[in-house]
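Work through these short exercises with the model open beside you. Each task is followed by a solution in steps.

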Amino acid sequence: MSRTRLVALDVDGTLMSYDGVISADVRAAVADLVAAGVHVVVATGRSMHSAVDVALDLGLTRGWAVCSNGAVTARLDPDAPGGHTVAHAVTFDPAPALRAIALEIPDALFAVENLGVGFLVTREFPPGELTGAHRVVGFDELVARPATRVVVRNPAGTPEEFHELVQRVGLHEVSYAVGWSAWLDLTPGGVTKASALEEVRRELGVEPFETLAVGDGENDVEMLRWAACGVAMGHALEHVRLAADEVTGTIEDDGAVAVLRRVLA
């Protein structure tokens, strides 16, 4: 890994614990990578307003952030308002998928990303689950606008039920990822963290063999396969670990730190 020039890092469960803490060791390793001239790119399912906050908190004031599972790419720029600009955004029509899901789960909660602000929601989500500002709107208004990211939440359900729902409904025109809870993320078809990172790689002039990625979720599978070295966190589900070239420690062990230190070595 001595030739790694681009490191893509998932946030939740990789850099950040599930109670929202980024350790001092992670912060130090990221700072040392940046000082060594390595391009560190936050690549997350989080929407842009939240992803940029995490990047800035890590001291990443210049460079790139892949947001909304690849649907939005932000350029970090300390001279821009808020420290960033939207470099690229891909939208899709959420109506067909959401209407199909609503028929199957009438009580589901729906949210559409309001880029740079927060979310439009059909009802308020459980506290702390969505970042940014929220505005409650009717279902028809929610599905009427092009979307970069859609969240479907069924507080009474399970991830397994969402997997079954996806198979039953189809969702062929969108990309999707099921979260640790009964949480479904929808993004434009063919758009993933990997597709956005490939654009960033080309923009930076980094060779494919100079890439590394670390992640733990279902939305990281394509990214782990994209990278020359894909590293799964130790607590990741089996199929996520199988998509990686290697497995490091868990989030409780700060498993990402060992990988980042090896890049520096």
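**Exercise 1.** How many bridges join strand 7 to strand 8, and do the two run parallel or antiparallel?

Solution. Find strand 8 at residues 133-136. Four bridges join strand 7 to strand 8, and the two run parallel. Within this pair, G118 stands opposite A133. Strands here are DSSP runs of E with at least two residues, helices are runs of H or I with at least four, and both are numbered from the N terminus. Two strands pair if DSSP finds at least two bridges between them.

Before going on, note that this is a predicted model: local features need pLDDT of at least 70, side-chain atom pairs count only at pLDDT 80 or more, and totals for chains, interfaces and linings use all residues. Residues are numbered from 1 along each chain as its sequence is written, and side-chain values use heavy atoms, leaving out hydrogens and water.

**Exercise 2.** Describe the hairpin of strand 6 and strand 7.

Solution. Start with the pairing: strand 6 (109-114) and strand 7 (118-121) are antiparallel, over four bridges. Next, pick a partner: E113 bridges to F119 in strand 7. Then look at the turn: three residues lie between the strands, and G116 takes a positive phi near 80°.

**Exercise 3.** Place T148 and list its surroundings.

Solution. First, locate T148: the loop between helix 4 (139-143) and strand 9 (150-153). Is T148 buried or exposed? T148 is buried, because its relative accessibility is 5%. The cut-off for buried is under 20% relative accessible area, with a 1.4 Å probe and protein chains only. Now check contacts, meaning heavy atoms within 4.5 Å. Leaving aside residues up to four places away in sequence, T148 touches several residues, including A71, F92, E113 and P188. Finally, the side chains of T148 and E113 make a polar contact of 2.4 Å.

**Exercise 4.** Trace the open sheet and find its edges.

Solution. Eight strands follow the order 5-4-3-2-1-12-13-14, with mixed pairing. Strand 5 (84-89) and strand 14 (246-247) are the edges, each pairing on one side only. Inside the order, strand 1 (6-9) and strand 2 (39-43) are parallel over four bridges. There V7 stands opposite V40.

**Exercise 5.** Which strands does helix 9 lie across, and what covers its buried residues?

Solution. Helix 9 (255-264) lies across strand 1, strand 12, strand 13 (229-232) and strand 14. Among its buried residues are V259, L260 and V263. Their cover includes strand 1, helix 1 (24-35), strand 12 and strand 13.

Methods: Axes are lines fitted to C-alpha atoms, for helices over the stretch in contact, and angles run from 0 to 180 degrees between N-to-C directions. Buried means under 20% relative accessible area, exposed over 50%, partly exposed in between (1.4 Å probe, protein chains only). A polar contact is a pair of N or O atoms within 3.5 Å; within protein, one must be able to donate a hydrogen and the other to accept it, and residues adjacent in sequence count only if both atoms are side-chain atoms.
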